[in-house]
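Open the model in your viewer and get ready to click along. We will go from stop to stop, selecting a few residues at a time.

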Amino acid sequence: MSSPPVVVKSTKPTRQVIDLMVKRKISSVLVSDRGTPDRPIEEYGIVTERDLLRRISSDAERAFDMPVGSIATRPLISIRAAAFAYRAIGRMDRLKVRHLAVHDGGVLVGVLSARDLLRLRAAAAIDLDDTIEHAKDAAELAATWSMLPGVVRSLIGEAIDPRAVAEIISDELCSLTRRAAVLAEQQMQIEGHGPPPCAYAVLVLGSGGRGESLIAPDQDNAIVFADGEPGGAEDSWFKKLGTKLADMLDISGVPYCKGGVMAANAAFRGSLDIWKGRVEDWVRRLRPEDLLNVDIVYDLRPVHGDTTLAAQFIEYAYDRGHAEPVFAKLLGEQMTTGNPFTVFGGFQLENGRLDIKKYGLFPIVATARTLAIRHGIRERSTRARLERLIAQDIGGERDMKAMLAGHSMLIGLLLAQQTHDIYAGIPVSNRIEINALTREQQAELKSLIKRLQSAPDLVRDLMFA
């Protein structure tokens, strides 16, 4: 995007605006009464080259002296600053526009034109995103989601950073969950259950929330709602919604979570007060085995509904987790993965494959999450957490830099293997075929996993740094 955007006052004569656009070599200006950026997006309109040409063509005598606000287009079409560029392409294509305002939290921060996007090549991802957003039922969602392996293969072919590919997969998983939630809510009303009894938010947890999904993720979701007790009227309504959401996602190609991490289950839905009570219970636990599935809640991303509820919940969870060192210590004690090496130093393989999520990704993700909670870092992705931990200079910099590099390598290896397996008709898993790697890749992988065997020690050392 171009930032800051060029903004003019609504009263400015069109002639002066044309002169400004020629001088700045831009194809549009944003218009508001204040004539400044950094205001809520609703305050702005837009005037483009085409708008000016049409007005001059239809009313040449008066066009140049008109206030620019009189020909501005409202409401302004916009997109989040955090959105991927391919989403902007899809939105422009669907709405037949060539400019988008860019906002951050509803505040204008930039502007994006079709010219800015000419060099990007992500057609498959564009199609996937747009069709998810407009799917009418579970069958259409399923047809759309089946495009994912092709999208991933095309993105890998563009030599995009594997972590960016994983983030794109996560973005589409969140989009799919959001659309399924909308359709589930519509079904609730059609069946006579009425509208939502109170404000609520649907949350995606775990790798989807962190932006680190791989191919063929399963469901990890939850619901937080404003008011209501377990088993009460509100909870009963959201149980039905969570069940419809889970069923729709399963039909769409995102299978039920084997561990039960779904809003259909009582442990993963509740009012804000209930969730806060759960947090209090978590931080007072005495054994690491009592914290099953707690850690992935700290990766949550709201995808539908009232995001303020989600923000209040996660802020409370981080505040309490940070304030209770024993909680982070117990999370750290869950990190033991076992030894993947033989007595001769080679990998212990199963059918020639090694589970690199278990022995590689898990210790990296868990280290970053646990230390982030302990040291008050509110980032969501593993990459951002490690970078912030390094910046805080708490020690362990070499190990965490190795984790950063290893994280990208492991995601790349898994995405490549999973894509290959799908097109070969092999069930997707977290295991990679070791003999298919080059000698250099095998050596690098072995070195990384050996280093990660000491990740629990690193967490203990830095817990009170």
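Select Gly253 first: it comes just after helix 10 and takes a positive phi of about 115 degrees. Keep in mind during the tour that this is a predicted model.

Now step back into helix 10 itself, residues 233-252. How far apart are the end C-alpha atoms of helix 10? They are 29 Å apart, and because 20 residues at 1.5 Å a residue should span 28 Å, the two values agree.

Stay on helix 10 and colour its buried residues. Among them are Trp237, Phe238, Leu241, Leu245, Met248 and Leu249. Asp235, Lys244 and Ser252 are buried as well, so look for them too; here, buried means under 20% relative accessible area. What covers these buried residues? The cover includes helix 6 (138-145) and helix 8, along with strand 7, strand 8 and strand 9.

Those strands lead to the next stop, the sheet. Show strands 7, 8, 9 and 10 together: they form an open sheet of 4 strands in the order 9-8-7-10, with mixed pairing. Strand 9 (269-271) and strand 10 (301-305) stand at the edges, each with a single partner strand, so one side of each has no neighbour in the sheet. From one strand to the next, the twist averages 25 degrees. In general, strands of a sheet pair through backbone hydrogen bonds, either parallel or antiparallel.

Zoom in on strand 7 (residues 200-204) and strand 8 (residues 221-225). This pair runs in the antiparallel sense over 5 bridges. Select Tyr200 and you will find it opposite Phe225 in strand 8.

Next, add the helices that lie on the sheet. Helix 8 (residues 162-190) lies across strand 7 and strand 10, at about 30 degrees to strand 10. Helix 11 (residues 272-283) also packs on the sheet, where it touches strand 8 and strand 9. The direction of helix 11 makes about 110 degrees with that of strand 9.

For the last stop, select Gln442 in helix 17 (residues 439-452). Is Gln442 buried or partly exposed? With a relative accessible area of 27%, Gln442 is partly exposed. Leaving aside its neighbours within four places in sequence, Gln442 is in contact with Ile434, Asn435 and Leu437. Its side chain reaches the backbone oxygen of Leu437 at 3.2 Å. Finally, draw a C-alpha to C-alpha line from Gln442 to Phe347: these residues are 95 residues apart in sequence and 10.0 Å apart in space.

Technical notes. Residues numbered from 1 in each chain as written. Predicted model: local features only at pLDDT ≥ 70, side-chain atom pairs only at ≥ 80, totals over all residues. Heavy atoms only, no water. Pairing = 2+ DSSP bridges. Helix = DSSP H or I, 4+ residues; strand = E, 2+ residues; numbered from the N terminus. Axes fitted to C-alpha atoms, helices over the stretch in contact; angles between N-to-C directions. Contact = heavy atoms within 4.5 Å. Expected span 1.5 Å × (residues − 1). Buried < 20%, exposed > 50% of the residue type's maximum accessible area, 1.4 Å probe, protein only. Polar contact = N/O pair within 3.5 Å; in protein donor to acceptor, adjacent residues only side chain to side chain.
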